[in-house]
Amino acid sequence: MDAQSFQHLLARLDRLTVKQKSIVQHVLQISVPRDDLVEAIPDLKSCPHCAADATQLASWGRSGGLQRYRCKACRRTCNALTCTPLARLRKKYCWLDYAQAPIAGLTVRAAAKHCSVSKNTAFRWRHRFLRDAAAHHDARESGIVEADEKFFLE
């Protein structure tokens with residue numbers, strides 16, 4: 001937006017109704033999407049569908065800020081999030097904030113309010129994120145191992 005259009009917009013803010021002002025305020029408080037999250041996602045080393053080598057993956061455009069690939073072996077498309085808990089999730093800018101919610105002990109409703117998502121979305125995200133965490137088991141421990149307990153509110 002150029003400076004003149006922006007000044008015109010600012011001059012018209014006083015004409016908004018109370019409800020419109022609250023909507024504008026809510027939109028401005030939503031955190032800006034973080035590009036560092038997208039940059040932190042590693043490139044694919046193989047096709048997530050058929051496990052073909054990375055040499056079989058050809059660039060196939062971009063979608064949602066992520067590079068898409070098409071496998072020459074199985075002819076299916078994928079990105080770095082395919083077959084991960086983050087696959088097909090929207091609102092990337094909320095993921096890091098929401099990942100901190102269970103650590104902070106927030107309830108589903110409190111986490112939803114904190115991240116500006118619905119309670120149903122927060123519930124589904126929590127179960128999707130915790131599914132892989134619950135299945136993670138180390139093969140063996142070595143050295144000094146200390147464990148503590150963490151309680152999550154239900």
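This is a walk through a predicted model, with a selection to make at each stop.

**The sheet**

Start by selecting residues 57–63, 66–71 and 77–78, which are strand 1, strand 2 and strand 3. Together the 3 strands make an open sheet, ordered 1-2-3, with antiparallel pairing. Strands of a sheet can pair in parallel or antiparallel fashion, through backbone hydrogen bonds. Strand 1 and strand 3 are the edge strands, each with pairing on one side only.

Next, show strand 1 with strand 2. Their antiparallel pairing runs over 5 bridges. To find one of them, select Ser-59 and its bridge partner in strand 2, Tyr-69.

Keep Tyr-69 selected and turn to strand 3. There, Tyr-69 has Cys-78 as its bridge partner. Add Arg-70, whose bridge partner in strand 3 is Thr-77. Strand 2 and strand 3 run antiparallel and are joined by 2 bridges.

**The two hairpins**

Select Gly-64. This residue belongs to the hairpin of strand 1 and strand 2, where 2 residues lie between the strands. The phi of Gly-64 is positive, near 65 degrees.

Move on to Arg-75. Arg-75 sits in the turn of the hairpin formed by strand 2 and strand 3, which has 5 residues between the strands. Its phi is also positive, at about 65 degrees. For most residues other than glycine, phi is negative.

**Two loop residues with positive phi**

Select Ala-51, in the loop that connects helix 3 (35–40) to strand 1. Ala-51 is not a glycine, yet its phi is positive, near 65 degrees. Is Ala-51 buried or exposed? Ala-51 counts as exposed because its relative accessibility is 61%, and the cut-off for exposed is over 50%.

Now select Arg-88, in the loop between strand 3 and helix 4. Arg-88 has a positive phi too, of about 65 degrees, although it is not a glycine. With a relative accessible area of 77%, Arg-88 is exposed.

**The largest pocket**

Leave Arg-88 selected and add Arg-68, Asn-79, Thr-82 and Ala-87. The largest pocket holds about 370 Å³ of space. Its lining has 18 residues, and these five, Arg-68, Asn-79, Thr-82, Ala-87 and Arg-88, are the closest to its centre. Which elements give two or more residues to the lining? They are strand 2, strand 3 and helix 4 (92–104), so colouring those elements is a quick way to find the pocket's surroundings.

**A nonpolar patch near the start of the chain**

Select Met-1, Phe-6, Leu-9, Leu-10 and Leu-13. These residues form a nonpolar patch on the surface, and their accessible area together is about 490 Å². Within the patch, look at Leu-9, which is in helix 1 (residues 3–12). Leu-9 has a relative accessible area of 43% and is therefore partly exposed, the class that lies between under 20% for buried and over 50% for exposed.

**Last stop: Glu-149**

Finally, select Glu-149, in the segment after helix 6 (119–135). Glu-149 counts as exposed because its relative accessibility is 60%. To place Glu-149 relative to the sheet, add Leu-57 and draw a distance between the two C-alpha atoms. The separation is 43 Å, for residues that are 92 apart along the chain. Leu-57 is at the start of strand 1 (57–63), which brings the tour back to the sheet.

Note on methods: Residues numbered from 1 in each chain as written. Predicted model: local features only at pLDDT ≥ 70, side-chain atom pairs only at ≥ 80, totals over all residues. Heavy atoms only, no water. Pairing = 2+ DSSP bridges. Helix = DSSP H or I, 4+ residues; strand = E, 2+ residues; numbered from the N terminus. Patch = residues over 30% accessible without salt bridge, like charges linked within 9 Å, V, L, I, M, F, W, Y side chains within 5 Å. Areas by Shrake-Rupley, 256 points an atom, 1.4 Å probe, with all protein chains shown as cover. Salt bridge = Lys/Arg side-chain N within 4 Å of Asp/Glu carboxyl O. Buried < 20%, exposed > 50% of the residue type's maximum accessible area, 1.4 Å probe, protein only. 1 Å grid on protein atoms, 1.4 Å probe; cavity = no way out; pocket = protein on both sides within 12 Å on 5 of 7 lines; lining within 4 Å. Points joined across faces, edges and corners; volume = space filled by probe spheres on them.
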